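This report describes one protein chain, beginning with a helix and ending with the chain as a whole. Please keep the sequence and the structure in view while reading.

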Amino acid sequence: MKYIKILVALFFSSCVCISSAANNELPDIGSSASQVFSLAQEQSVGDSYMRQLRAFAPLMHDAEVNDYIQHLGFRLVENNPRAADRKFSFFVIDQNSINAFALPGGYIGVHTGLINKTDNESELASVIGHEIAHVTQRHLARRIELQSQLSLPSLAAFVAAILIATQSNNSDAGMAAMAGAQGLTQQAIINHTRANESEADRIGIHSMHRAGFDPKAAITFFEKMQENSLYRSNNFEFLQTHPLSRNRITDARLRASELPLRPVIEKPTYQLIKEKIKALTAKITPTMMDSANKRFLKNEFDTDELIYGYSILLMRNKEFKKSEDLLLALRKKHPNQTSFAIALAELDIENRTPSRSLLIIRQLLEKIPGNLALVESNAKLLLAADNAAEARELLLENIHMTSFAPHLFKLLSRAQEESGHKAEVYESEANYLLSVGDLSGARNQYYQALNAHTEDPYARERINSQLRRIKEFLYKRSLRH
Ligand SMILES: [Zn+2]
């Protein structure tokens, strides 16, 4: 609940989308981009929101899920001509509600409930493409700017409320303040939304078409939303006050029908990821497992994706042998499919027999070097095989991945500790704490790192620059109070 309320307040863009506009020839309002609220300022506000979200929201840390959503997101970013100079990061939140949102700074979150509700990859792409358009058209920046012009105190209250909630861990006080801030600014948000929604629909549909998705999926998803009673009963006031109108669907249908037909390219990984998410987020109970076992015996799991999902349920229920038999059969059928190899690697780590999977995962990683899930799996296998030195090297080579998967810092700090690089551990721990918004914790660890790194001028320079960032942030924050 705590998290949902924070999100309502952060909810500049809610885009299981809402509002209406029938004008087909809207001007590109992104072209008169905000001058007052710079990209750098927007990024800094977004970074700050994201740190709070990492601390509070049930983000999915599964590397395959993260890898998938990043790839899908960037396939759309590459096909949005305005996205070239912007930073993006995509993430999944374990929440049943059907929702997706964009934060300032290009952070785009998708709820597991929304992913489950989609029937194909194009439907999911339609929502993400729309969110990317909100970022590229600077709708968020514009709203923040408008809010500061119209009601500066409410923005201050808004930011303060997030900080109160974070620092004191007293969510109710923070939430009450935020609810007030939200009420004050809501009208300004609504007034801007109609044009923004229409523009984001238009641009989103074009980028999904260019990226090889089916633009008609935007309409099927709108219709599904309209029919969905969950949509009316969920907690998001923002959605309740912005019903999805017939105009908006008509408008999207018209746009999609104007586009030339193209072959649709959907990745088979979509179904696997969807089944994995379902299996990872299901509540494991004897009744649920009993029903899954019965379905399996009746051959109701009639696709490889469903069998894969079932094997993950078995693994979560500690039925390792049954899970392994199914995964080995899947892997035999699809030797290049990374998901099955990664699941088997997890079993091998569990059974303390990492050597069986080490070679397989390493070979897959040579074929697909930028794959986060393979890097993480390889690092875990190396640690399980008492080869922390190699795990450390592998993670340092792929350190850029921590920008969208900060939990890798935890794995790195373990590899550093176990390989005898104790001086490095403080810095990794500090980087992790910074990513979840624990500024004072991060600062303490950076100071310890400075003491430990007396011999390494590069490390000192790097750490001092992080300390300066924290100092600046704390200074700016003190000005807001
Ligand atoms: Zn929207």
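## Helix H19 and the E3–E4 hairpin

Helix H19, residues 372-384, consists of 13 residues, and the distance from its first C-alpha to its last is 18 Å, close to the 18 Å expected at 1.5 Å a residue. The model is a predicted one. H19 is mostly covered, with 13 of its 13 residues buried. After H19 comes Asp386, which has a positive phi near 60°.

A second region to look at is a pair of strands. Strand E3 covers residues 100-103, and strand E4 covers residues 107-111. The two strands run antiparallel and are joined by four bridges. One of the pairings involves Phe101 of E3, whose bridge partner in E4 is Gly109. Together E3 and E4 make a hairpin, with three residues between them. Within that turn, Gly105 has a positive phi of about 85°.

Which residues cover the two sides of strand E3? Ala100 and Ala102 lie on one side, Phe101 and Leu103 lie on the other, and all four are buried. Both faces of E3 are therefore covered, given that a residue counts as buried if 20 or more other C-beta atoms lie within 10 Å of its own.

The two positive phi values are listed below.

| Residue | Place | Phi |
|---|---|---|
| Gly105 | turn of the E3–E4 hairpin | about 85° |
| Asp386 | after H19 | near 60° |

For the whole chain, there are 24 helices and four strands. Of its 481 residues, 47% count as buried. Among contacts with a separation of 6 or more, 69% are between residues 24 or more positions apart.

Key. Residues are numbered from 1 along each chain as its sequence is written. This is a predicted model: local features need pLDDT of at least 70, side-chain atom pairs count only at pLDDT 80 or more; totals for chains, interfaces and linings use all residues. A residue is buried if 20 or more other C-beta atoms lie within 10 Å of its own, exposed if 12 or fewer, and partly exposed in between; C-beta atoms are placed from the backbone. Two strands pair if DSSP finds at least two bridges between them. Two residues are in contact if their C-beta atoms, placed from the backbone, lie within 7 Å. The expected span of a helix is 1.5 Å times one less than its number of residues.
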